[in-house]
Amino acid sequence: MKLSQFKFKLPESQVTLYPPHRAFENEDGTIDRVYNRDQCKLMVIHRKSEKIDMFNKDAEGNDTEELMTFRNIVDYFEEGDTFIFNDTQVFPARLYGTKEKTDAKIEVFLLRELNEELRLWDVLVEPARKIRIGNKLFFDGEGPMVAEVIDNTTSRGRTLRFLYDCPHDEFKRELFSLGEAPLPRYIVDRRPAEPDDMEQFQTIYARHEGAVTAPATGLHFSRELMKMMEIRGFNFAYITVHCGLGSFDPIEVEDLTKHKMNSEQMIISAEACDIVNKTKAEGHRVCAVGISTARATESAVGTDGMLKEFEGWTNKFIFPPYEYGLANAMITNFYHPESTMLMAATAFGGYELVMEAYKKALKNDYQFGCYGDAMLILDD
């Protein structure tokens, strides 16, 4: 398929800047927000029957005028079905420092630690044109955090050596105390990151540190909802995919076969395989929660349709036509035009049907992006 087939007009008003919440204005004009993870809107697509569900039903089974919320997701699954979650943990990757001598403000986006002993980190810097090998960057905080640029990696990429002499755990705590939630650029260009974001831009089941962006679909799951799912007999399988920025890279080629995804580290344990494969063998549904989960499981599914243990990296890029080998249900958010996440969703649900769902979402004021509304695609 071609890049232009995934183009549509997305109003800025439908790219949400906050998770679902109720806002209260204080006497001093400040705003307090009470967040409700599972109260986003939910749209359900049935890819074989090509039905699209948007509204709650009345006692006779007819549509009401009330749009479904994410909590309605439990009504589409049965005891014995399994959800695959990505349990990566986001760290506060965006820092701001100043360049020596000029005091120019520099954004430093941490990508990954390269060497624990030498305090080497792979980062992105902005504005990159001001940062050269040998420059030093200074960061505010309780301790004297300084970094030296020792290499150029890409046009915006640099390798930094942090000059901080202390045990590694103390260094990481100090470094992360300087950072903020790594919200996507389409949010931070419109409002600054806030203290609440570090909690809200994290799934409630996050366990393994390493992501520089959240597996956004998982943000909709609240503790109350997961308890309800547990009571109904649903199974949970956890894999780890350390989400990078590759999904946000613009695609610069019309021919999608020529686009190369950046790699992401992933780990699929024997325990996760056992849960998923038992579910498949018993004829129950397996639901991939999010595109990062779907991409990882498709990287580790065997020709027999069963999930295999895996520890390594994947740069799998999924777009139509593509036949998924493992999951028969998928949950995803509503994403930007020409995004790799949209392409992976259309590969699962069918291009025409998913794009029709997007038209309905635009018409009915569904919210797009990592804090936006959700879509469930079922194979029925």
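**Strands, burial and backbone angles**

Tutor: In this predicted model, Gly97 stands opposite Ile106 in S10. Residues are numbered from 1 along each chain as its sequence is written, and side-chain values use heavy atoms, with hydrogens and water left out. Local features need pLDDT of at least 70 and side-chain atom pairs count only at pLDDT 80 or more, whereas totals for chains, interfaces and linings use all residues.

Student: What makes S9 and S10 a pair?

Tutor: Strands are DSSP runs of E of at least two residues, helices are runs of H or I of at least four, and both are numbered from the N terminus. Two strands pair if DSSP finds at least two bridges between them, and S9 and S10 are joined in the antiparallel sense over five bridges, so the condition is met.

Student: How do you know that strand S9 and strand S12 also pair?

Tutor: Strand S9 (residues 94–99) and strand S12 (residues 136–139) share two antiparallel bridges, so they satisfy the requirement of at least two. Within S12, Phe138 faces Thr98, and Leu137 faces Lys99.

Student: What makes the six strands a barrel?

Tutor: They close in the order S9-S10-S11-S14-S13-S12, with antiparallel pairing, and the twist averages 45° from one strand to the next. Helix H1 (residues 168–177) lies across S9, S10, S11, S13 and S14, running at about 150° to S10; such angles run from 0 to 180 degrees between N-to-C directions, with axes fitted to C-alpha atoms, for helices over the stretch in contact.

Student: Why is Lys101 called exposed?

Tutor: Exposed means over 50% relative accessible area, buried under 20%, and partly exposed in between, with a 1.4 Å probe and protein chains only. Lys101 has a relative accessible area of 82%, so it is exposed. Asp103 reaches 59% relative accessibility and therefore counts as exposed as well.

Student: What makes the phi values of Lys101 and Asp103 noteworthy?

Tutor: Most residues other than glycine have a negative phi. Lys101, in the loop between S9 and S10, has a positive phi near 70°, while Asp103, also found in the loop between S9 and S10, has a positive phi near 60°.

Student: Why is Gly80 called buried?

Tutor: Its relative accessibility is 14%, so Gly80 falls on the buried side of the cut-off. Gly80 lies in the loop between strand S6 (63–67) and strand S7 (82–86). Beyond its neighbours within four places in sequence, Gly80 is in contact with Gly233, Asn235, Thr279 and His284, where contact means heavy atoms within 4.5 Å.

Student: How do you know that helix H6 is mostly covered?

Tutor: Of the nine residues of H6 (residues 291–299), eight are buried, including Ile291, Arg295 and Glu298.

Student: Why is the protein chain called as compact as a globular protein of its length?

Tutor: The chain has eight helices and 21 strands. Its radius of gyration is 22 Å, close to the 21 Å that the globule rule gives for 380 residues, so the chain is as compact as a globular protein of that length. The radius is taken over C-alpha atoms, and the rule is 2.2 Å times the number of residues to the power 0.38.
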